[in-house]
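Please read these notes with the model open beside you. They take one residue and its helix, then the whole chain, then one strand.

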Amino acid sequence: MAIFSIRACLLQLLLVLFFFFAATSPAAAQSRPTSPARILDAALQDYAYRAFARPRTGIVYNATLPGNLTGIAVSAVRLRSGSLRRKGFAGYFQFGVPTGVVVQPYVERVVLVYHDLGNWSDYYYPLPGYTYLAPVLGLLVYDAANLSAVGLQELNIVASGGPISISFGGNVRAVPAGSAAPRCVVFDLDGMPQFRDLVATDMCSTYHQGHVSIVVNSSGIAPAPPPGTIPPPIPTAGGNKKGSSKAWKIAGSVVGAAIALGLLAALLLCLVRHKRDKKLQVMERNAEVGETLRMAQVGRTQAPVALGTRTQPVIENDYTA
């Protein structure tokens, strides 16, 4: 019974460890559901890279999309990271990339992929209570080391000087009567919207890559206040990577310590249960067998003899004296 109890405790510990590592493994992370917008980004990156038949730096290439993506426009341009930071890239369709753009982690060449989602804007970036006055436009940055690669992760860019401007021009529809003033909406890579004031009648700005459009609140509910427009500080070379690595190390240490304490507590509990079960087994065995008497020689035979009497005999005269 005690051996079975120990095995049961160890089995429970192994099951806990298995489910923990299965839930935190990269395979489990990849199996989590992905939003339609992120699936579209990956597909458009593939089509954008296919447009580089004979790639030349600084030349814009328009991608060819299948029929099920009719209404979406995608283009790509390859640039040197150093040139992008020194010169920027003005007039990339509606986007004006200023000088001072920092790419992290640093790569020699980058690809700027342009999106115009057109009539698919509401589907991939739904905003309940808001009406789009312009199509959702996107600017994403990838590594240009391998132009045949698919499923690439976006690089991180920060506009250290001025912000990236987005001029929608004549693609902005008129504000519906009775609606609030139009505003910019900027979506990060996770699809989280941030509302900001327009820089001009048809212009928005951002310091990071992502998707941008102009919307109007059609529900009568006041939108969240816009975040500050102060650009984030420029991290030093490798600083962001080191800070992120340090944060992950601290988080991993905390999680590892918590797991170790949990396993230690479970092991102590198993030992306590084992000692208790063993003690109960000894008590049950003694109860079944009874107390063992000492054997003594009585004549020619061996007979059990008690170790002593419980009550000492008393002469009756002692009570009557």
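**Notes on the predicted model**

1. In this predicted model, the side chains of aspartate 41 and arginine 38 make a polar contact at 3.0 Å. Start from this pair, then look at what surrounds the aspartate.

2. Aspartate 41 is part of helix α3, which covers residues 36-50. Is aspartate 41 buried or exposed? Its relative accessibility is 3%, and because the cut-off for buried is under 20%, aspartate 41 counts as buried.

3. Which residues does aspartate 41 touch, leaving aside those up to four places away in sequence? They are His115, Tyr125, Leu140, Tyr142, Glu154 and His211.

4. The length of α3 can be checked with simple arithmetic. The helix has 15 residues, and at 1.5 Å a residue it should span 21 Å. The C-alpha atoms at its ends are 21 Å apart, so the model agrees with the expected value.

5. Aspartate 41 has company among the buried residues of α3. The list reads Ala37, Leu40, Asp41, Leu44, Gln45, Asp46, Tyr47, Ala48 and Tyr49. What do these buried residues pack against? Their partners are the strands β2 (73-80), β6 (109-116), β8 (137-143) and β14 (210-217), together with helix α5 (121-124).

6. Now the whole protein. Its secondary structure consists of seven helices and 16 strands. Of its 321 residues, 31% count as buried. The exposed surface is about 20,400 Å², and carbon and sulfur atoms supply 61% of that area.

7. How much of the contact total joins residues 24 or more positions apart? Taking contacts with a separation of 6 or more, such pairs account for 68%.

8. Strand β10, residues 164-167, has two faces to compare. Ile164 and Ile166 form the covered face, while Ser165 and Ser167 form the uncovered one.

9. β10 pairs with two strands that should be noted separately. With strand β4 (residues 95-97) the pairing is antiparallel, over two bridges. With strand β13 (residues 203-206) it is also antiparallel, over four bridges.

10. Serine 165, on the uncovered face of β10, is a useful residue for following both pairings. Glycine 96 stands opposite serine 165. In β13, serine 205 is the bridge partner of serine 165.

Technical notes. Residues are numbered from 1 along each chain as its sequence is written. This is a predicted model: local features need pLDDT of at least 70, side-chain atom pairs count only at pLDDT 80 or more; totals for chains, interfaces and linings use all residues. Side-chain values use heavy atoms; hydrogens and water are left out. Buried means under 20% relative accessible area, exposed over 50%, partly exposed in between (1.4 Å probe, protein chains only). A polar contact is a pair of N or O atoms within 3.5 Å; within protein, one must be able to donate a hydrogen and the other to accept it, and residues adjacent in sequence count only if both atoms are side-chain atoms. Contact means heavy atoms within 4.5 Å. The expected span of a helix is 1.5 Å times one less than its number of residues. Accessible areas come from the Shrake-Rupley method with a 1.4 Å probe; for residues, only the protein chains shown count as cover. Two strands pair if DSSP finds at least two bridges between them.
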